Each structure stands twice: as structure tokens, then as C-alpha cells.
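Here are a few short exercises to help you find your way around. Have a go at each task before you read its solution.

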Amino acid sequence: MDVLRASSSTLIHPPYISTTTRRNKTQFPKPIFHHLKLKLIVFDSSFTLFERNGSKSRLFMMLSSSPASTMESIEPPMLELEADGREKKRFDWYSHWFPVMPICDLDKRVPHAKKVLGLDLVVWWDRNENEWKVFDDTCPHRLAPLSDGRIDQWGRLQCVYHGWCFNGNGDCKLIPQAPLDGPPVHTFKEACVTVYPSTVQHDIVWVWPNADPQYKDIIMKKKPPYIPVLDDPSFSGPMGNREFPFGYEVLIENLMDPAHLPYAHYGLISNPTPKVKVDREGGSPLGMKVEKLDINGFNGKQDWGCSYFIAPCIYHAFIDVDQRNGSAISETEKSNRRLCLVFMCIPVSPGKSRLIWSFPKNFGVWIDKIVPRWMFHIGQNLILDSDLYLLHVQEHKVMELEATNWQEACFVPTKSDAFVVGFRRWLNKYGGGTVDWKGKFSGALPPSPPREQLMDRYWTHVVSCKSCSTAHKGLKTLEVMLQTMSVISIGIVAVTKQNMISMVAKSTMVSMAIICFAASKWLAQFIYKNFHYHDYNHAFV
């Protein structure tokens, strides 16, 4: 595909619109790009119209040599295409640190199965070295998953299929079936487990997804991305994690898109009231732009703060709370309240991703110290659920269009899409257009499950969150206790002779039984909606 090249004064539309359409492959002849300035403008009677696949997609274009001053009111949502051609650098997906899990959600007593970049990993605590270790989740004997094993009394990782044991370096220390007086087969190279470089930063386990020996001490040369606010004692923000039924690309671009908040999360997130309200939700134009984009990510600027994409996983934004809310306070009264949104987006497999999040803030810090994490997660999961189905369907629709590039399927004409376009531009220019799965997958998305299974919270969050898992067990126990108390109360009234208990006592016990039964039913519904499945119907909010 020929690359559209335009001067910075004439490029109006995000550079992600392609002149090559998906079906008819219409193209401009090359000489045009050398002699004419190109403007991409929305809604004008003098446009040339190109259609691809009927009405599914339209590309409006106009060739002009008029000066840019006539279009000063329209600014490009992001940086222009470079005039000197594409850089030849390529992002190596397997030469960067990837977050795996927060250590607050890892149990040192058991191994944990996790997947990153399609790699099956087992994360476990090596008490002999006091370190978290990340291994290939495969026993070299018969390829059983080590994550289904256990940590033995000597602190070794044991495969429970045949009892092979491994130390923190991946060396096999015991093969029970090997004769003691026979050859030391456990010392053979083939008996070792693949070990991936790992470290802990910001209370998160990170992995380097390349086990080549040259990367054994990679932590001495290159560390995971550092986010100062996560280590700042004046800020506080509990962490959370969740698995999603859509890919890494869809996850990260959705988190970069503040324009969807008043609509997809209506009633769940407080949004500032615009000066001119055009609808119930209060959507409005957003001043957003990408200031720098290179192989390491990009910096972004919006009206109420700044944002950073650190390739490949991290997107974080600083928000001046008072400025965003439009608080009218003097310079002396300013509290400098700041909120940071930290999102770590992990590619798991095609159509699967994992998110680690934290919202550090320098106000109301005491709340985080007394309120358990699971209470925060109830509201945060409701927000995540409210557009989960939309994103899953969106990803499948893009695939169904058979578009070779994201820009062939989507129309992004406003500055509110600047960060999304910036991410897609980084992905196309440096990341190869998609995650490098090293040929492990065909590229097809997994089939869509029923809605209730798709939006399930228990297996995507609760089981991997220590706080929510503990709360779920405690609330289930309370539910059973309430039911038991209800049955016991009725039973006592039923078996007690009439003269042995007063009518007041009987009435009290019957009332207690009814209250306990009603409370158990309410609690059962609360557990189901907050720990299993909570649908979100946008038509009735």
C-alpha cells in the first residue's frame, strides 16, 4: 500500500485512513503524492467518495493546494506522517518486560498458572531463595502442567503427575522412579524446566518472555518500566486484576478513549458537565493530541492532564481533579488533588487479555487503609462489565470484515480519538500491526460464548483476587449460617410443646426465622450479582 504523505499544514484527518479500499483496491497513482498537497476533510459537498463493501465504510477525500490557514479551526488529532519515510526499527515483543500479576493476589503456598504472549507460565514462590520464580508451565517428563502441582516440604516445585521436583533454577532434583544406584538421570539437561527471567517491581511480578541464556541477567541491563507514583507514599491506590474475552489491542485502546465514558459507563462514572450539553449523557468535544510517538510509545495531552503509553503494556494518565471537575477555587485554596490512572494491559492469546490496574491518588488516602479491596472491586468490575460485551462484539466484527488493517474498518474523524489512533499507528509502524505470537496461533478468534459466561466475574477475577476470593468464601459461609438459623428456629418452635414456651417467644423465633431466611436470599443475590454475573442493559439506564 502506498503511504499517504502530506505536509504538516495540510493533513487534517488521522493518518489511519487508507486510500486502498478493502474490496476494490482503488489507488491513487504515485505521481499525485509528489505534486499535490492532500487534505482529508469530513462532510463537504466537493468530496470524492470512495466506498468499500457498499455502505459499511466510506472514505471522503479532496485534493487541494490551498493554504492551511483556511482550515485553522480543524486540527489533526495526532502527529503527521513523517516526510522522510517510515523508520526501519521494529519492536521486539520478546525483548521487553511484561507484568504478570500483583503479588497481593499470589499465594506463596501454591503455584499459579498464567499466560503471557501465548506462553504458558507457572509463577511460584521459592522460599529457599525468597523470590518469585516464573517457569514454563510444562514438566519435561510427560508435559503435564506444573501449575497443577505443589510446593513440597523442601520448597521445591513438584509435578504431581509422577513426583519430579525442581529447584528455583529449573534443575531437576528428584525423579522418584530412577534407581538410587543408577545413572543420575535427574542431572541431564533434558530433565530441566525452562526458566524465564523474572523480577518484582511496584509489588508486581514481571517476566522477560525469552528464556535464551543471553537474557539470564537481563535485569542488570534493563529494568521494567518505572512509574514513580506507584512507589510514592503520599499516594494510595489498591490494585486489581481481571481477564477479558477480547484482545490486547481492543483492551488498551478502550482505556485510552475517554470519549466513551459518558455513554458506555453512564451512571457509573462522574463526568464534568459540558458548557453546551447536546444530549442526556453530556458528551462533548475533547482536546487531545499526541505530542511524541516513537518505538517506545507516545506522550499525550488532553484538557485536564497528560497521558503516557509505554510500549507495550502500560498506559497511565495524570488527572488534575479540581481542573477536570471545573472547581472554582483560588490559587491559595488549591489542594493540588491528583489522580493517576495506571493500566497494565497484557496480551494473553488472540481474543484474550489481562488487565492490572491501580488508581493512586493523593487525597482520601485513609479510605484505602480501612476499606477492603473487594469493596472497591465491586464498583470497578461493574464499570468494566458495562462495556465488556460491546468490546467483545466489536473485535469480532472487525475480524468478520476481513480488513487487513484496523483503519479499513473504523472511521475516526475527531480529536477525541487521538490516543486510539496514536496507539494503532504505533502498532502498525513498530509492532508489526499485531501482537507477535511466534506462529503459535492461526489468528482466528475463539467463538463467542453465551452472554452470562462471557461476562462471568468469578473465573475472570474472583479466583485470582485474594481479597475478593476471601470475601466470597466468607459471604457464602454467612449465607449458609443464616439458612441454618432459619431452619433451627422453625424446628425449635415445631418440636416445643405448647406449654413450654410463651406465645411471645414463639412469635420472636418465627420472626427471626423469617428474617434469617429473607437475609439469606438477599445475600445470595448480592453474591451472585457482585461475584458471578451482573448484566448491564444500556437501554434501561
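**Exercise 1.** Find the residues that Ser489 touches beyond its close neighbours in sequence.

Solution. Step one: set aside everything within four places of Ser489 in sequence, and you're left with contacts to Met509, Met512 and Ala513; a contact means heavy atoms within 4.5 Å. Step two: place the residue, and you'll see that Ser489 sits in helix α10, residues 466-495 (a helix is a DSSP run of H or I with at least four residues, a strand a run of E with at least two, numbered from the N terminus). Before going on, a word on the source: this is a predicted model, where local features need pLDDT of at least 70, side-chain atom pairs count only at pLDDT 80 or more, and totals for chains, interfaces and linings use all residues. Residues are numbered from 1 along each chain as its sequence is written, and side-chain values use heavy atoms, with hydrogens and water left out.

**Exercise 2.** Is Ser489 buried or exposed?

Solution. Its relative accessible area is 5%. Buried means under 20%, exposed over 50%, and partly exposed in between, using a 1.4 Å probe and protein chains only. So Ser489 counts as buried.

**Exercise 3.** Now zoom out: what share of the protein is buried?

Solution. Of its 541 residues, 47% count as buried. As for secondary structure, the protein has 11 helices and 21 strands. Take the contacts with a separation of 6 or more: 68% of them join residues 24 or more positions apart.
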